[in-house]
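This report describes how one protein chain is folded. Have the sequence and the 3D view at hand while reading.

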Amino acid sequence: MALTLYVDTARWRAHHKHVQEQFPGLVPVCKGNGYGFGHERLAEEATRLGADILAVGTTYEAARIKDWFGGDLLVLTPFRRGEEPVPLPDRVIRSVSSVDGVYGLVGARVVIEVMSSMKRHGVSEQDLPQLHAAIENVRLEGFAIHLPLDRTDGSDAVEEVIGWMDRLRAARLPLHTMFVSHLKAEELARLQQQFPQTRFRARIGTRLWLGDHEATEYRGAVLDVTRVSKGDRFGYRQQKAASDGFLVVVAGGTSHGVGLEAPKALHGVMPRAKGVARAGLATVNRNLSPFVWSGKQRWFAEPPHMQVSILFIPADATEPKVGDELVAHLRHTTTQFDRLVDR
């Protein structure tokens, strides 16, 4: 009995090919928990796509995945002097976001990140004159720019990239390759048309692996079902049942990521109102679970345990049976499944 990730493999891979066709020179991204699929699986899928580079989050991820992917590995986290050395093959490319970082990687293959409107990390326009001397002692694979997802000020992503292309060109720095993130296919095409001598390579993770929501589904198996009457005590904290119904033990707990949720950026009145309502219910121990039964998302009977969750199903609903599976609406990037089933 397990929390299972079911994958419609043919549909999932058809989506990969569609994205690859939209973004020539695509660089697949495999970081964190492998977008819910695991590093090994995504390395295999990137190989199937014929990718020559796979982007990973950290040097530790590069060390783990190097035996699963035979091409180049691009580490997205910028190099910092004093970081713990991790033995890596020569096919690993390091991202760098400072002139000092470039000087610290003599002989290495590097991609230099420029500071975008994200304001996360990157070299500034004032740093560019110093890069001439710095890049003489590294193998420069190109520059990179990481763009924001939303542009609430109405600015144009393409114009931001063009601005940096003009700055780099004015500084007489090599512009053979530019790695970009969070551009639309038509935006990438506009850039490629305007700068035909530069190869633009889109680094894509979420859109590639998770872009077709219908291709994957989590399901938790029912392990036990216990009928309870109103007022019966149950669980670790011996709460009282609010009404007649069933306590349903389902595979999927905190070790799987169930009950864990990353903060969300809320836009608009309705999402904010729903957020306030959820917070209010939580103060009286009413928390909606990600599990669905008989067409409705069901409530946790109590906070999820390490490997299982206990749900309350009211008496007027169909009684679940041991072995049934409940669809679970879970975030891939925070979920760890017990098994993955291709179908």
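**A glycine in a loop**

In this predicted model, glycine 34 sits in the loop between β2 and α2, the helix of residues 39-49. Is glycine 34 buried or exposed? Its relative accessible area is 0%, and a residue counts as buried when that value is under 20%, so glycine 34 is buried. Once its neighbours within four places in sequence are left aside, glycine 34 is in contact with His39 and Leu42. Glycine 34 and tryptophan 209 are 175 residues apart in sequence, yet their C-alpha atoms are 9.2 Å apart in space.

**The chain as a whole**

The protein chain has 343 residues, and 48% of them count as buried. It contains nine helices and 18 strands. Along its principal axes, the C-alpha trace spans about 75 × 45 × 40 Å. Of the contacts with a separation of 6 or more, 67% are between residues 24 or more positions apart.

**The open sheet**

Strands of a sheet pair through backbone hydrogen bonds, and the pairing is either parallel or antiparallel. Here, eight strands form an open sheet with parallel pairing, in the order β2-β9-β8-β7-β6-β5-β4-β3. Which strands stand at the edges? They are β2 (27-28) and β3 (53-56). Each has a single partner strand, so one side of each is left without a neighbour in the sheet.

One pair inside this order is β5 (residues 92-96) with β6 (residues 109-114), joined in the parallel sense over three bridges. Valine 96 has isoleucine 112 of β6 as its bridge partner.

**Helices around the sheet**

Helix α6 (residues 157-170) lies across four strands: β6, β7 (139-146), β8 (177-181) and β9 (199-204). Its direction makes an angle of about 145 degrees with β7.

Helix α7 covers residues 185-194, and its buried residues are Ala185, Glu187, Leu188 and Leu191. These residues take up an arc of only 160 degrees around the axis, so they are on the same side of α7. Among the elements that cover them are α1 (9-22), α6, β8, β9 and α8 (206-210).

**Pairings of strand β10**

Strand β10 (residues 216-228) takes part in several antiparallel pairings. The table lists three partner strands, each with a pair of residues from the two strands.

| Partner of β10 | Bridges | Residue pair |
|---|---|---|
| β1 (residues 3-7) | five | tyrosine 6 and glutamate 217 |
| β17 (residues 325-328) | four | alanine 221 and glutamate 325 |
| β13 (residues 245-251) | six | arginine 227 and phenylalanine 246 |

In the pairing with β1, tyrosine 6 stands opposite glutamate 217 in β10. In the pairing with β17, alanine 221 stands opposite glutamate 325. In the pairing with β13, phenylalanine 246 is the bridge partner of arginine 227.

**Two residues with positive phi**

Most residues other than glycine have a negative phi. Glutamine 238 has a positive value, near 50 degrees. Glutamine 238 is found in the loop between β11 (233-234) and β12 (239-240), and at 42% relative accessibility it counts as partly exposed. Serine 294 also has a positive phi, near 55 degrees. Its loop runs between β14 (288-293) and β15 (296-300). With a relative accessible area of 44%, serine 294 is partly exposed.

**Pocket and cavity**

The second largest pocket holds about 700 Å³ of space. How many residues line the second largest pocket? The lining consists of 26 residues, and those nearest the centre are Lys31, Tyr35, His146, His182 and Thr206. The elements that give two or more residues to this lining are β8, β9 and α8. Of these, β9 gives the most, with three residues.

The model also has one cavity of 30 Å³ or more. The largest cavity has a volume of about 40 Å³. Its lining is made up of Glu113, Val114, Met115, Ser116, Met118, Lys119, Arg120, His121 and His146. His146 therefore belongs to the lining of the largest cavity and is also among the residues nearest the centre of the second largest pocket.

Notes. Residues numbered from 1 in each chain as written. Predicted model: local features only at pLDDT ≥ 70, side-chain atom pairs only at ≥ 80, totals over all residues. Heavy atoms only, no water. Pairing = 2+ DSSP bridges. Contact = heavy atoms within 4.5 Å. Axes fitted to C-alpha atoms, helices over the stretch in contact; angles between N-to-C directions. Buried < 20%, exposed > 50% of the residue type's maximum accessible area, 1.4 Å probe, protein only. Arc of directions from axis to C-beta. 1 Å grid on protein atoms, 1.4 Å probe; cavity = no way out; pocket = protein on both sides within 12 Å on 5 of 7 lines; lining within 4 Å. Points joined across faces, edges and corners; volume = space filled by probe spheres on them.
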